[in-house]
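Here are a few exercises to work through with the model open in your viewer. Try each task before you read its solution.

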Amino acid sequence: LGIGLGVPGIVDAQRGIVEAPILGWRHVALGPTLREQLGLPVLIDNDVNTLAVAERLYGRGREAEHFLTVTIGRGVGLGIVVGGDLYRGARGGAGEFGHVTVAEDGPLCECGKRGCLEALVADPALVQLAVEDGLVEPSSSIADGIERLRRLADGGHPTACRIYAQAGAILGRAVAGLINVLSPQLILVSGEGVRAWQHLVESFERELRDDTFPPLRGIPIEVDPWDDAKWARGAAALVLRATFSAPLYERQIEDSVRARLPAASASSGARRAALGDAAAANT
């Protein structure tokens, strides 16, 4: 029926234009290029939005009309589901949670601002702190550095544990702000960063409780075990969802997916018939 693609950045989903500072992309016409090369409808969205769509269709979001998907790891992301549908904002930029300023004159972020949440709690920020404390070699990659930091914390290294506890507290205060503004039924936490959740959770829960408006306390926070394939399933869900798109998510590009349904159904029927004939012949 089509191709679904999730990318880390702001996506003009109708035109297929991507702005992704984390990838060094500025105004990349990804959608038109892929549609021309593949000859198929191509639906593109922010990768955390795709996770939220997958949760709404097939996961724990099926029972929640209002929920948030927060991701931590290489970056910090947010997918917002309101009234059972994804909220993308006026220009596709809703959910840039990682670029909320949480520390005045804080570290420089990849987006060019200082003090972003992502610049304080994402994996590159934690690795930089570990380098400054002598726990990780300066030449280490982000992947290798965060793996070493996590192993040290697993072994009870006090400095490694402190780095994670500090990040958990900052994240907890930021998520409390989301609860105060959006009042969701449920918050799902995902991403590769959850592999170190045991080192984040105590300070996260403390700051979350202290900074949440008292009448809104008690929102369930569920942590999703890390599964890299879920991102791909989320991207595929964009195409599957286009076959029964709801008003908030209606887009012209999705019409091209729905237009392929009769042909795809006929092709599938022909394959089933062929398989049936083959089975009969074998019998």
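The exercises below concern a predicted model, and each task is followed by its solution.

**Exercise 1. Strands and hairpins**

Task: Find how β6 and β7 pair, and over how many bridges.

Solution:
- Start with the pairing: β6 (67-72) runs antiparallel to β7 (76-82), with 6 bridges between the two strands.
- Next, pick out a pair of residues: I72 sits opposite V76 of β7.
- Now look at the turn. The hairpin of β6 and β7 has 3 residues between its strands, and G73 there has a positive phi of about 150°.
- Then follow β7 onward: β7 also pairs with β8 (residues 85-86), again in the antiparallel sense, over 2 bridges. V82 has D85 in β8 as its bridge partner.
- In this hairpin 2 residues separate the strands, and G83 has a positive phi near 60°.

Task: Decide whether β7 is largely enclosed or largely open.

Solution: Count the residues that fall under 20% relative accessible area. In β7, 6 of the 7 residues are buried, so the strand is largely enclosed by the rest of the structure.

**Exercise 2. Two helices that cross**

Task: Describe the packing of α4 and α6 by angle, handedness and contacts.

Solution:
- Two packed helices are described by the angle between their axes and by the distance between those axes.
- Take the geometry first: the axes of α4 (residues 123-132) and α6 (residues 158-182) come within 10 Å and cross at roughly 145°. The crossing is right-handed.
- List the partners: L126, L129 and A130 of α4 meet I163, Y164, Q166 and A167 of α6.
- Sort them by class: this contact has 6 nonpolar residues, 1 polar residue and no charged ones.

**Exercise 3. The nonpolar cores**

Task: Which residues have the most contacts inside the largest nonpolar core, and which element gives the largest share?

Solution:
- The largest nonpolar core holds 41 residues, and F97 and L149 have the most contacts inside it.
- Among the elements that each supply at least two residues are β6, β7, α4 and α5 (142-154). The largest share, 11 residues, comes from α6.
- Check the neighbours of F97: leaving out residues up to four places away in sequence, F97 touches V70, V76, G77, L78, L117, L171, A174, V175 and L178.
- Apart from this core there is another, of 16 residues, including V81, L86, L188 and A237.

**Exercise 4. A distant pair**

Task: Is A236 buried or partly exposed, and how far is A236 from G2?

Solution:
- Locate A236 in helix α8 (residues 229-242).
- With a relative accessible area of 37%, A236 is partly exposed.
- Between A236 and G2 there are 8.7 Å in space, C-alpha to C-alpha, although they are 234 residues apart in sequence.

Note on methods
Residues numbered from 1 in each chain as written. Predicted model: local features only at pLDDT ≥ 70, side-chain atom pairs only at ≥ 80, totals over all residues. Heavy atoms only, no water. Helix = DSSP H or I, 4+ residues; strand = E, 2+ residues; numbered from the N terminus. Buried < 20%, exposed > 50% of the residue type's maximum accessible area, 1.4 Å probe, protein only. Axes fitted to C-alpha atoms, helices over the stretch in contact; angles between N-to-C directions. Left-handed = near helix turned anticlockwise from the far one by under 90°. Contact = heavy atoms within 4.5 Å. Nonpolar A, V, L, I, M, F, W, Y, C, P; charged D, E, K, R; others polar. Core = buried A, V, L, I, M, F, W, Y, C linked by side-chain atoms within 4.5 Å. Pairing = 2+ DSSP bridges.
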